[in-house]
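Trainee: I should like to understand how the labels used for a structure follow from their definitions. May we take them in turn?

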Amino acid sequence: MFQLFKNRDFGDYISDTFGFFRQTGKHFMKIYFTINGIPLMIMLVLSYFLFKVYFDILKTGMSGQDISGFENSMSDSFPFIVVLAIFFFLFLIFMSMLNYTVPVIYLDLYDKKKGNNFSVGEVVSVLKSNFGKMLIFFIASLFVITPILIIVFILLFLLVFIIIGIPLLLFAIPTAFSWIALSYYEYINFDKGYFEALSDGFSKMKSQYFPIVGSLMLIYIIIQVTMTVFTMIPYAIGMISMFTSLEQNPGSTDGLATFGIMMSIVMVITILMSYILNNLMLINQGLAHYSRRENDENIMAQDSIDLIGRE
């Protein structure tokens, strides 16, 4: 059984994150794809058509057609794009809720069941019972956390011009993610209000800032490098096809059409990999959550004493 409650340092957070997936990753991913598989496929189809329409309009504008034809194309497609974009945005929020919550519930059940001897149905049951809390957290975060992050990132971008903003900006993304993730673990796992969870999540992050945020930053870099490697192949194919077509047939739009298709595929692959690999960061922060609980509550020591008492 993988040990959740454990005092960890920087190296432990990284090794235990990958160790968790080596030990119980097959069971976790089975549950993840069973719950998220169909919604994820729907979102990818929506993403493909949204980007495809966008690149088709872009192709029309770049192909040298008369401006009236381009305006007509925009006018005809605009209502469809708006409806698709709104539906895509709402579905994106729903997918984000699922993606954030499944690892939280999985680790909680893993602790309670003393291993991965639980089913998809049990995870779905806990998801349903927590749906109201999930919705409140994400809606509240849009009005509380999002404005704070917007202001902070604007200030950091301004500080980039005096150099000091560059290292601060590098830490800003994993810091924001860690604060939100740890707060969400507190909110879902305990009977806490939204602002209490935010406060406790921030306190846990601050109590071991560099090991928690530093390990998350390294995992984030690994994810970005992996995504870049996989998305560069279709992107390169699209670019080569476009320039080859333009050299051979300067007036042809075939290259632009191929480029649009390949870029739509790149966007879809990026979204898919982002959601899947995001589990690495969420599990990493889950380990930080249980590690800080062990530090504060000495749960493993208490369990050992209880076990001795029963013998």
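**From definition to label**

Mentor: Let us begin with Arg8, which is buried, its relative accessible area being 4%. The model is a predicted one, in which local features need pLDDT of at least 70, side-chain atom pairs count only at pLDDT 80 or more, and totals for chains, interfaces and linings use all residues. Residues are numbered from 1 along each chain as its sequence is written, and side-chain values use heavy atoms, with hydrogens and water left out.

Trainee: Why is Arg8 called buried?

Mentor: Buried means under 20% relative accessible area, exposed over 50%, and partly exposed in between (1.4 Å probe, protein chains only). Arg8 has 4%, and therefore the label buried applies.

Trainee: What makes the pairing of Asp16 and Arg8 a salt bridge?

Mentor: A salt bridge requires a side-chain nitrogen of Lys or Arg within 4 Å of a carboxyl oxygen of Asp or Glu. For Asp16 and Arg8 the N to O distance is 2.7 Å, so the criterion is met. Asp16, at 10% relative accessibility, also counts as buried.

Trainee: Which labels, buried or exposed, do Asp108 and Lys112 receive?

Mentor: Asp108 is buried at 14%, whereas Lys112 is exposed at 58%. Their side chains meet in a salt bridge at 3.1 Å, N to O. The two residues are four apart in helix H2, and therefore about one helical turn separates them. Helices (H or I, at least four residues) and strands (E, at least two) are DSSP runs, numbered from the N terminus.

Trainee: What joins Glu186, Lys192, Asp200 and Lys204 into one network?

Mentor: Glu186 forms a salt bridge with Lys192, with the closest N and O atoms 2.4 Å apart, and both residues are buried. Salt bridges that share partners link these two with Asp200 and Lys204 in one network.

Trainee: Why is Leu168 called partly exposed?

Mentor: Its relative accessible area is 41%, which lies between the two limits, so Leu168 is partly exposed. Leu168 is found in helix H6 (residues 165-189) and belongs to a nonpolar surface patch that also includes Ile150 and Phe161. Patches are made of residues with over 30% relative accessible area and no salt bridge, like charges being joined within 9 Å and nonpolar side chains (Val, Leu, Ile, Met, Phe, Trp, Tyr) within 5 Å. At 41%, Leu168 therefore passes the accessibility limit.

Trainee: Which residues are in contact with Phe20, leaving aside its neighbours within four places in sequence?

Mentor: Contact means heavy atoms within 4.5 Å; on that basis, Phe20 is in contact with Phe2, Gly25, Phe28, Tyr106, Leu107 and Ile283.

Conventions:
Areas by Shrake-Rupley, 256 points an atom, 1.4 Å probe, with all protein chains shown as cover.
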